[in-house]
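Biologist: I am new to this structure and should be grateful for a close look at a single part of it, the packing between one pair of elements. Please also place that part in its wider setting.

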Amino acid sequence: MSHMTSEPGPVQTERRGGRTAWIVVFAACVGQFVVVLDVSVINVALPSVRAGLDIGEGSLQWVVNAYVITFAGFLLLGGRAADLFGRKGVFILGLGIFTAASLLGGLATSPGMLIAARAVQGVGAAVLSPATLTILTTTFPEGTGRVRAIATWTAVGTGGGAAGGVIGGLLTDYLSWRWVLLINVPLGLIVIVASAVWLTGGRAGKAGRGRLDVPGAVLATLGAGSLAYGISQTESHGWGSARALGFLLLGVVALGAFLAVERRAAEPLTPLGVFRVRSVSVANAITVISGMAFYAMWYFLSLYMQNVLKYSAVETGLALLPHTLAVILSAQLAPRITRWISGRTLLALAGALTAAGFFWQAALKADGTFLVTLLGPGIAFSFGAGLMMTIQSVFATTGVPAERAGVVAGLVNTSRTMGGALGLSVLSSLAAGRTDREGTGLEALSSGYASAFFGSGVAVVVSMALIVLLPRSPRSPATA
């Protein structure tokens, strides 16, 4: 017993007071918000970044890719660190790295300095993001309270991705591109102070005996990072290029070696036993496939609005607000709906609505309007996506002991990020191929974007085929 921490369990923590519990939710949600925000907020600022730092066209993509690749590559390491070294300390460490890197990027005086800062931001985000979900799953017991907390986390995180266009456009147009990074500094400092005061957190298991699985961490990071880099190269070099295939092969080999190491490790980075929990394994598979559509939908909507409808960056961001509100509303409604129908049924209905919205959006034309072309299908797939992501996260974090909470949180985020990276590359290739066949002009561009939305609908339909393998409800029998 001398090795056990005195950290309160989930039920105890929640009962300490509703105000304290929801301050914990606030800290976790703001942390996730800035992580997801920085995936999308930089996009609308790229032309200003290129002009301000004289970045070449070939290097400009690394302002985005440096963040996404290090984020994907270090997620599992971040999740395991939260289990071994304490969710509070890891959360504050990740947020501190992220905030410092944001300051460095905002003050960058050269392309190399900015790209390096974005890479360090990705590392900080990878440490921070799993800890945000772990904090919720160890603060709230399985049941309605946890579903409600995860729904808020999903809504805020997804809202960060959707709001990136609005925030980035406003900051770039009225201040400077530097503020898309510098805005993280005051937010980060506020949350660090709040976390230091209100969060509790030691290790979820035995103290003094945990150690990080370094070989597993290196192989997982190399594998995920190589896959992410290889995928990022397919858009410019093609799937058959030596550059793309080489890194994709390296990623597969490294992940194969990772699995072999994890089977023999005394304290593995990712205990393979968590995949024996049906809700965890199936929910992560669904998350990878459906994530191919969710990340890409904001990207292609932004391109369609700016390249075809000729919206400005700010107008594009404002036009995405109904989509953002639909995601937030549906994520908040998910806990209430699960009181009446099972989680599996709700996930199936949400998937059907999401796919229908994407297929509807695939009918877009060059002469489209906001009310006729964007609003209806956008609300449909956004509302469905908010429901899907909430219920997927609940399934993927249910049925595992507290000491594995960081692992499953890291898996959820890794699945979503890698699915998004793969989807963006696949759908971009699909759109480019359709545009090339159609020729030039706005009609050709519209046809390409329409193909991407049709592909998104197909991805969601494929993910729905796995829903039958999930347990009926993510809630435990004691709380159902």
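Modeller: The answer begins with the chain as a whole, turns to the packed pair, and closes with sites elsewhere.

This is a predicted model, in which local features need pLDDT of at least 70 and side-chain atom pairs count only at pLDDT 80 or more, whereas totals for chains, interfaces and linings use all residues. Residues are numbered from 1 along each chain as its sequence is written, and side-chain values use heavy atoms, with hydrogens and water left out.

The protein has 18 helices and zero strands (DSSP runs numbered from the N terminus: H or I of at least four residues for helices, E of at least two for strands). Of its 480 residues, 56% count as buried (under 20% relative accessible area; exposed is over 50% and partly exposed in between, with a 1.4 Å probe and protein chains only). Among contacts (heavy atoms within 4.5 Å) with a separation of 6 or more, 84% join residues 24 or more positions apart.

The part chosen for a close look is the pairing of α12 with α18. Helix α12 comprises residues 278-308, and helix α18 comprises residues 442-464. The two pack at an angle of about 160°, and their axes are 9 Å apart (axes are fitted to C-alpha atoms, for helices over the stretch in contact, with angles from 0 to 180 degrees between N-to-C directions). Because of that angle, α12 is roughly antiparallel to α18 (over 145 degrees; under 35 is roughly parallel, 65 to 115 roughly perpendicular, the rest oblique).

Aromatic rings also connect these two helices. The structure holds seven aromatic pairs (Phe, Tyr or six-membered Trp rings with centres within 6.5 Å; planes under 30 degrees apart are stacked, over 60 edge-to-face, the rest tilted). One of them is the tilted pair of F300 and Y449, with 6.4 Å centre to centre and 55° between the planes. This pair joins distant parts of the chain, since F300 lies in α12 and Y449 in α18, 149 residues apart. F300 and Y449 are both buried. Together with Y304, they form a cluster linked by ring pairs.

Y304 appears again in the surroundings of S446, a residue of α18. S446 has a relative accessible area of 2% and is therefore buried. Leaving aside residues up to four places away in sequence, S446 touches Y304, V308, L364, K365 and A366.

Just beyond α12, the setting changes. The loop between α12 and α13 (313-319) contains K310. K310 counts as exposed because its relative accessibility is 57%. Its phi is near 65°, a positive value in a residue other than glycine.

Three other helices offer further examples. Helix α16 (residues 370-396) contains T390, which counts as buried because its relative accessibility is 0%. Beyond residues up to four places away in sequence, T390 touches I150, A151, T154, A331 and A334. In α9, the buried residues are N184, V185, G188, V191, A194 and S195. Helix α6 (residues 111-139) contains G112, which counts as partly exposed because its relative accessibility is 45%. Although G112 and L53 are 59 residues apart along the chain, their C-alpha atoms are separated by 9.8 Å.
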